Amino acid sequence: MKLKITLIKSPIASLPKHKATVAALGLKKVGQTVIHPDNSAVRGQIFAVKHMVKVEEVNE
């Protein structure tokens, strides 16, 4: 299973740690979507920035 992650809020006014997490997920612009494997490392990154992203499960 994979996770479809979409950036819905700009990280401009966020903590530097949150900006780095968003960048590590591969998100650059609001509305951009990336697909990552569903594992604990990615889930931890999502949890740190859950107020800025929308997550959907995708079966691929």
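**Exercise 1.** In this predicted model, determine in which helix Thr-21 is found, and whether Thr-21 counts as buried or exposed.

*Solution.* Step 1: Thr-21 belongs to helix H1, which spans residues 16-24. Step 2: the relative accessibility of Thr-21 is 15%. Step 3: buried means under 20%, so Thr-21 counts as buried. Step 4: once neighbours within four places in sequence are set aside, Thr-21 is in contact with Gln-45 and Val-49.

**Exercise 2.** Identify the residues of the largest nonpolar core and the element that gives the most to this core.

*Solution.* Step 1: the core comprises 12 residues, namely Leu-3, Ile-5, Leu-7, Val-22, Leu-25, Leu-27, Val-34, Val-42, Ile-46, Val-49, Met-52 and Val-53. Step 2: two or more of these residues come from each of strand S1 (2-7) and helix H2 (40-48). Step 3: S1 contributes the most, with three residues. Step 4: for one core member, Met-52, the contacts beyond four places in sequence include Leu-7, His-18 and Val-22. As a general background, nonpolar side chains in soluble globular proteins tend to be buried together.

**Exercise 3.** Describe how S1 and S2 run relative to each other, and assign the residues of S2 to its covered and uncovered faces.

*Solution.* Step 1: S1 and S2 run antiparallel and are joined by five bridges. Step 2: Lys-2 stands opposite Pro-37 of S2. Step 3: in a regular strand, side chains alternate between the two faces of the sheet. Step 4: in S2 (residues 33-37), Val-34 and His-36 form the covered face, whereas Thr-33, Ile-35 and Pro-37 form the uncovered one.

Methods: Residues numbered from 1 in each chain as written. Predicted model: local features only at pLDDT ≥ 70, side-chain atom pairs only at ≥ 80, totals over all residues. Heavy atoms only, no water. Helix = DSSP H or I, 4+ residues; strand = E, 2+ residues; numbered from the N terminus. Buried < 20%, exposed > 50% of the residue type's maximum accessible area, 1.4 Å probe, protein only. Contact = heavy atoms within 4.5 Å. Core = buried A, V, L, I, M, F, W, Y, C linked by side-chain atoms within 4.5 Å. Pairing = 2+ DSSP bridges.
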